[in-house]
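Student: Got a minute to walk me through this one? I'd like to start with the ligand site and then look at a strand.

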Amino acid sequence: MYPWGAPQYRRARRLCTDFMSTVASNNPKPQASTRITGWFAEWVSDWGELVISSCVALGDFCLFVLSTFRWMFSRIPRGETLWPNFYQVGVSSLPVVALTGTFIGVVLALQSSSQLGHYGLTNQLGGVINLTLVRELGPVLAATMLAGRVGSAMAAELGTMRVTEQIDALSAMGADPIHYLVVPRFLACLLFIPTLTIMADFMGVAGGYFYSNIWLSIDQHYYWTNSAKFVNNFDLFTGILKSLFFGSAISLISCYQGFNCKAGAEGVGKAATSSFVFAFIVILILDLSLGLTLKAVYESWYPGGTY
Amino acid sequence: MMIEQLLDQEQESIVDVESLSVTFGNQEVLKDITLRIPPGQTLALLGESGCGKTVLMKSIIGLVKPTDGKIEFDSENINQLTERQLSRMRLRYGFIFQNAALFDSMTIGQNVAFPLRQHGRFSDNQIREMVLSRLSEVGLPDSVVFKKPAELSGGMRKRVGLARALIMNPELIMYDEPTTGLDPIMSDVINELILRTRSRNPVTSIVVTHDMHTARKVADRVVMLIPRQRLDPGENQIIFDGSVKELENCRDRRVQQFVNGEAGERLMEMRADDHDQ
Ligand SMILES: Nc1ncnc2c1ncn2[C@@H]1O[C@H](COP(=O)(O)OP(=O)(O)OP(=O)(O)O)[C@@H](O)[C@H]1O
Ligand SMILES: [Mg+2]
């Protein structure tokens with residue numbers, strides 16, 4: 001079930017499951033008097049099993065990531081495995097990211113303008129929209145689209161390969177599946193997610209500008225001066241750095257889900273869905289923790305500056 | 001004299017499986033399997049569906065990690081090799097998967113050429129020639145080269161898998177049900193191909209088959225496994241190991257049923273199993 005699991009993990013799990021089955025078999029059919037203990041033992045063992053299997057899966061995932069990195073630095077993948085992935089991530093995903101980016105820009109302008117209007121701060125609109133886009137929404141949006149469009153496709157493709165023994169066939173012919181399948185996908189996501197992020201940023205900025213200037217007719221001069229005042233290079237760097245983390249997480253999670261796909265069409269479907277769900281959760285967690293870290297970094301670099 | 005012969009045999013075995021056990025979750029598929037295969041032998045592996053034949057072969061090439069026991073190929077313990085050594089070792093194997101396992105993003109030509117491109121330094125012309133000659137050996141026309149696996153019939157895919165496994169001239173070939181799903185004539189073409197491959201190179205082969213005709217025709221030795229659930233206590237999972245002739249004269253009821261293809265009381269047993277669950 002965990003083909004990358006190190007023996008020690010498996011042994012640990014076997015020990016724990018043995019222990020739990022002993023616990024369970026000591027309470028085979030709860031009598032009336034021992035019903036509480038039986039129920040309790042079952043509850044504990046269910047939770048224990050959940051905890052253990054999560055730990056095993058996490059350890060397994062870490063080993064998977066490690067071996068991806070090892071292969072990445074030890075041998076360059078062949079071009080024919082790289083180009084299709086680069087194309088999928090870098091080119092095919094651009095239009096959809098551009099489209100969603102534009103809409104987010106417009107919606108952001110729509111919402112913030114009415115809120116800022118209450119306080120008579122409509123001139124600051126440019127700063128608010130663009131800062132939010134560059135720091136947060138651009139990277140998160142690009143990553144979400146990538147996880148949905150490319151990540152789940154990767155999980156489904158690798159899952160199908162696992163189920164139809166194509167991954168076994170790769171190893172049987174002396175090609176390492178991680179080197180052959182995972183490294184190119186990882187590189188594609190890592191190298192091209194900044195492009196997607198910049199695209200989302202750009203289209204969002206453009207969308208916000210058009211809405212504010214043409215629809216709300218806010219003065220162009222104030223719009224851009226305030227944007228320039230609010231958004232600096234560090235913000236752009238923040239967004240891109242975050243996106244690198246998102247890209248790595250998406251590719252690794254999707255490939256891992258695909259590699260550990262359960263049998264049948266159902267397994268493949270599950271791998272695709274759970275790769276998106278996990279990737280999305282991890283994107284949000286990373287976003288929060290990177291946001292906090294970068295804030296601390298900014299404040300130590302520019303004491304007195306407001307992040 | 002006897003001891004010397006035994007020692008000789010021991011040195012000679014190219015595949016050496018020692019008390020192998022494989023467990024998936026709670027399901028113990030193989031237990032305490034010991035099997036020595038001398039170089040040049042063609043071994044037919046028989047056994048009813050689900051008894052672990054595929055798992056055994058996958059363990060031999062290191063695709064399934066054994067829970068217990070040791071597997072040696074050419075005196076090297078394959079579970080102690082690094083990934084890189086293992087991948088070099090796998091050049092010496094050819095594995096024909098039960099469901100062909102062709103890469104469906106590639107054309108047939110690219111599939112068959114895959115091992116060559118992976119390891120060899122061959123020119124494009126050489127590769128094309130080798131691919132075409134392998135395909136014609138398994139009875140496929142040149143026109144399939146540019147097709148995708150999805151466009152072929154099941155039997156054709158199987159033969160492509162065979163061509164792909166044989167292209168590197170491996171030393172150990174494992175055929176997982178090479179003739180299942182083929183018409184009788186094509187089955188015999190495959191049998192002939194197995195024989196021809198052996199007469200051309202000194203290869204060792206393991207053939208998993210349900211087809212007694214294939215077993216009779218190609219095998220020097222037959223090994224029969226039975227599922228763990230059907231074992232009597234204390235009995236080894238390999239219930240038969242000998243020549244084809246001995247197989248036909250074997251008195252064991254289960255072996256006889258398999259050879260003659262009779263369900264016998266197995267049907268009742270299976271129903272009883274269902275009731276137990
Ligand atoms: N990766 C796996 N995970 C869990 N169980 C497995 C796995 N591979 C095989 N099994 C189990 O091992 C048992 C033996 O499987 P195997 O594929 O070796 O059978 P087989 O002898 O090749 O049968 P057939 O003749 O139908 O191909 C089956 O019961 C199967 O459920
Ligand atoms: Mg099988």
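Tutor: Sure. One convention to start: Ala, Val, Leu, Ile, Met, Phe, Trp, Tyr, Cys and Pro count as nonpolar, Asp, Glu, Lys and Arg as charged, and the others, Gly among them, as polar. Also, keep in mind that this is a predicted model.

Student: OK, so by class, what does the shell around ligand 1 have?

Tutor: There are 7 polar, 4 nonpolar and 2 charged residues in that shell. The closest of the 13 surrounding residues are Ser49(B), Gly50(B), Lys53(B), Thr54(B) and Gln98(B).

Student: Which element gives the largest share of the shell?

Tutor: H2(B), with 3 residues. Strand E2 (27-37) of chain B also supplies at least two.

Student: And how far is the polar side-chain atom of Ser49(B) from an oxygen atom of ligand 1?

Tutor: That distance is 2.5 Å. For Gln98(B), a side-chain N or O atom sits 2.7 Å from a ligand oxygen, and for Glu177(B) the polar side-chain atom is at 3.0 Å. Taken alone, ligand 1 exposes 640 Å², and the protein buries 63% of that.

Student: Switching topic: why is E8(B) largely enclosed by the rest of the structure?

Tutor: Because 5 of its 5 residues, 204-208, are buried. Thr204(B), Ile206(B) and Val208(B) cover one side, with Ser205(B) and Val207(B) on the other.

Student: Which strands pair with E8(B)?

Tutor: E3(B) runs parallel to E8(B), joined by 4 bridges, and E7(B) pairs with E8(B) in the parallel sense over 5 bridges. From E7(B) the chain goes through helix H7 (residues 184-200) to E8(B), a right-handed β-α-β crossover.

Note on methods. Residues are numbered from 1 along each chain as its sequence is written. Chains are lettered from A and ligands numbered from 1 in the order in which they are written. This is a predicted model: local features need pLDDT of at least 70, side-chain atom pairs count only at pLDDT 80 or more; totals for chains, interfaces and linings use all residues. Side-chain values use heavy atoms; hydrogens and water are left out. A residue is near a molecule or strand if one of its heavy atoms lies within 4 Å of it. A polar contact is a pair of N or O atoms within 3.5 Å; within protein, one must be able to donate a hydrogen and the other to accept it, and residues adjacent in sequence count only if both atoms are side-chain atoms. Accessible areas come from the Shrake-Rupley method with a 1.4 Å probe; for residues, only the protein chains shown count as cover. Buried means under 20% relative accessible area, exposed over 50%, partly exposed in between (1.4 Å probe, protein chains only). Two strands pair if DSSP finds at least two bridges between them. A crossover is right-handed if, with the strands pointing away from the viewer, the path from the first strand over the helix to the second runs clockwise.
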